Amino acid sequence: MDKRRILSIDGGGIKGVFPASFLAHLEDNIDGHAGEYFDLIAGTSTGGIIALGLGMGLSARDLLQFYEANGPILFTQNRVKRLFLAFKHWAWSKYDNKTLRAALEAVFDDKRIADSQTRLMIPSLNLETGEVHVYKTRHAGRFGMDYKERVVDVALATSAAPTYFPTHHSAQGLPLVDGGMWANNPTGFAVVEGISVLGWPAESLHILSIGCTESPVSTGLLQRLPLGNGFWAKKIVDIFMAGQSSSSMGTAILLSGRDQNRLVRVSPCVQTGRFSLDGSRDIQTLKGLGHSEARKAWPKVREMFFREKAEPFEPIPLDE
C-alpha cells in the first residue's frame with residue numbers, strides 16, 4: 001500500500017518561528033525542500049503562511065528567514081507607541097495588516113492557489129455566517145473556485161487573529177478571520193480530508209503534526225471558586241485552544257486506525273507565558289528550540305517522512 005504523508009502546522013503568531021526552524025533544520029539532511037515530501041499540507045494562521053510557502057516551492061529555510069526579517073517589524077513598537085496601543089487595543093486591533101501584507105507580497109507576489117505544488121488546506125472563518133471557510137487546492141472535483149485566490153489574500157485571511165489584526169475582507173467581500181477560531185491545530189481535519197475527500201486508506205496515512213509550543217493549562221487552586229468574567233476573560237482562549245488541539249489529535253488518531261506510531265506530534269511544552277503571539281524578542285530562542293527538537297526527532301521522522309519525495313501533485317481538471 002502506498003504511503004500518504006500529511007503535514008499539519010498549528011497557528012501561533014510569531015511562534016511560527018518554531019515550526020519553520022524545525023523544518024529548516026530537517027531540510028539540512030534531505031534532498032530538496034520539506035514540502036516536496038508530503039501529499040497534503042494543512043496550516044492555520046502562522047502555520048497557514050508556512051503551508052502556503054511550502055506549497056509555492058519555498059524552502060523552510062526561506063520561510064524561517066521571512067520570520068527573522070519581518071517579525072521585529074510586524075510586532076515591535078517604540079515605548080510611546082506601546083503606551084498608546086495599550087489604550088487603543090481595547091477598541092481596535094493591536095496591529096494593522098499593512099506591514100504584513102507588504103511582507104507577504106514581497107514573497108508571494110501575485111501567485112495563486114493554483115500555483116501550489118502540493119495539496120493544501122488553509123482554514124479561516126466567515127464572520128458573516130459563522131461558517132468555517134477552508135481554502136483548498138483543486139485536489140477534488142468540487143473544489144473549482146479557490147484555485148483563483150491570491151496566496152497573499154489567503155494568508156491574510158487565515159492569520160487575521162481577532163484583537164491582533166483586523167478582519168480580512170476577501171475580494172468577494174467576505175469578512176474572514178483567523179482559522180484558529182476553530183482549527184488552530186488542523187491535524188484532525190487534515191486526516192478527515194485525506195480519508196473522506198481524497199479516499200486514502202486510513203492505514204496508509206503518516207502524519208507529522210507540528211505545534212508552536214504548548215503550556216500547561218491550569219487555574220490552580222482558584223478552580224474551586226465560582227469565578228466570573230474578570231478571571232476567565234484572560235484564560236478562556238488558552239483553554240479552548242488546548243481543548244481544540246486535544247480534540248483534533250484525538251480525531252486524527254481514531255480515524256487513522258488508532259496506530260499512534262504513524263502520527264508524530266512535535267510541540268515542546270514550555271513554561272506558561274514563556275512565549276507570546278507577538279513576542280518578536282524571542283525569535284532567536286524559538287529558532288534554537290526548533291533546532292533542538294529537530295535533532296531529537298530526526299531518526300524517527302527520517303524513516304517516516306523523508307526517505308523519498310511524494311508523487312507530484314496534479315490538480316483535478318475543472319470538468320471532472
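# Close-up views of a predicted model

**Figure 1. D109 is exposed, with a relative accessible area of 56%.** The structure shown here and in the figures that follow is a predicted model. D109 is placed in the loop that runs between α5 (98-108) and β3 (119-126). The phi angle of D109 is near 55°, a positive value in a residue that is not glycine. Most residues other than glycine have a negative phi. Among the residues that touch L104 is D109, together with I49, F66, V152, A155 and L156, when residues up to four places away in sequence are not counted.

**Figure 2. T213 also has a positive phi, near 80°, and is not a glycine.** The residue T213 belongs to the loop between β7 and α9 (229-255). Is T213 buried or exposed? With a relative accessibility of 10%, T213 counts as buried, since the limit for a buried residue is under 20%.

**Figure 3. Helix α1 is largely enclosed by the rest of the structure, because 11 of its 11 residues are buried.** The helix spans residues 17-27. Its buried residues include V17, F18, P19 and A20 towards one end of the numbering, and H25, L26 and E27 towards the other. What covers these residues? Strands take part in the cover, including β1 (4-9), β7 (205-210) and β8 (263-266). Helices take part as well, among them α2 (46-55), α3 (60-75) and α10 (283-305).

**Figure 4. The largest nonpolar core has 61 residues.** Those with the most contacts inside this core are L7, L23, L52, L104, L208, V301 and F306. Which element gives the most to this core? Helix α10 does, with nine residues. Another core lies apart from this one and has 13 residues, including L198, L205, I207 and L263. In soluble globular proteins, nonpolar side chains tend to be buried together.

**Figure 5. A nonpolar patch of about 310 Å² lies on the surface.** The patch is made by M181, I236, V237 and F240. Helix α9 gives the most to the patch, with three residues. One residue of the patch, I236, lies in α9 and is partly exposed, with a relative accessible area of 41%.

**Figure 6. The buried residue D278 makes a polar contact with Y95.** D278 is found in the loop between β8 and α10. Its relative accessible area is 12%, and D278 is therefore buried. The contact with Y95 runs from side chain to side chain, at 2.6 Å. Leaving aside neighbours within four places in sequence, the residues in contact with D278 are I14, F75, K94, Y95 and Y164.

**Figure 7. D10 and R265 meet in a salt bridge through their side chains.** The distance from N to O in this pair is 2.8 Å. Since D10 lies in the loop between β1 and α1 and R265 in strand β8, the pair ties together parts that are 255 residues apart in sequence. How accessible are the two partners? D10 counts as buried at 6% relative accessibility, whereas R265 is partly exposed, with a relative accessible area of 25%.

**Figure 8. R101 forms salt bridges with E105 and with D153.** In the pair of E105 and R101, the closest N and O atoms are 4.0 Å apart. Because these residues are four apart in helix α5, about one helical turn separates E105 and R101. Both partners are partly exposed: E105 has a relative accessibility of 32%, and R101 has a relative accessible area of 26%. In the pair of D153 and R101, the closest N and O atoms are 3.8 Å apart. This pair links distant parts of the chain, as D153 is in helix α6 (residues 151-158) and R101 in helix α5, 52 residues apart. D153 counts as buried at 13% relative accessibility. Salt bridges with shared partners join R101, E105, D110, R112, R150 and D153 into one network.

**Figure 9. The protein as a whole has 10 helices and eight strands.** Of its 320 residues, 52% count as buried. The accessible surface comes to about 15,400 Å², and 53% of this belongs to carbon and sulfur atoms. Among contacts between residues at least 6 apart in sequence, 79% join residues at least 24 apart. The count of salt bridges comes to 18.

Definitions and conventions:
Residues are numbered from 1 along each chain as its sequence is written. This is a predicted model: local features need pLDDT of at least 70, side-chain atom pairs count only at pLDDT 80 or more; totals for chains, interfaces and linings use all residues. Side-chain values use heavy atoms; hydrogens and water are left out. Buried means under 20% relative accessible area, exposed over 50%, partly exposed in between (1.4 Å probe, protein chains only). Helices (H or I, at least four residues) and strands (E, at least two) are DSSP runs, numbered from the N terminus. Contact means heavy atoms within 4.5 Å. A polar contact is a pair of N or O atoms within 3.5 Å; within protein, one must be able to donate a hydrogen and the other to accept it, and residues adjacent in sequence count only if both atoms are side-chain atoms. A nonpolar core is a set of buried Ala, Val, Leu, Ile, Met, Phe, Trp, Tyr and Cys residues joined through side-chain atoms within 4.5 Å. Patches are made of residues with over 30% relative accessible area and no salt bridge: like charges are joined within 9 Å, nonpolar side chains (Val, Leu, Ile, Met, Phe, Trp, Tyr) within 5 Å. Accessible areas come from the Shrake-Rupley method with a 1.4 Å probe; for residues, only the protein chains shown count as cover.
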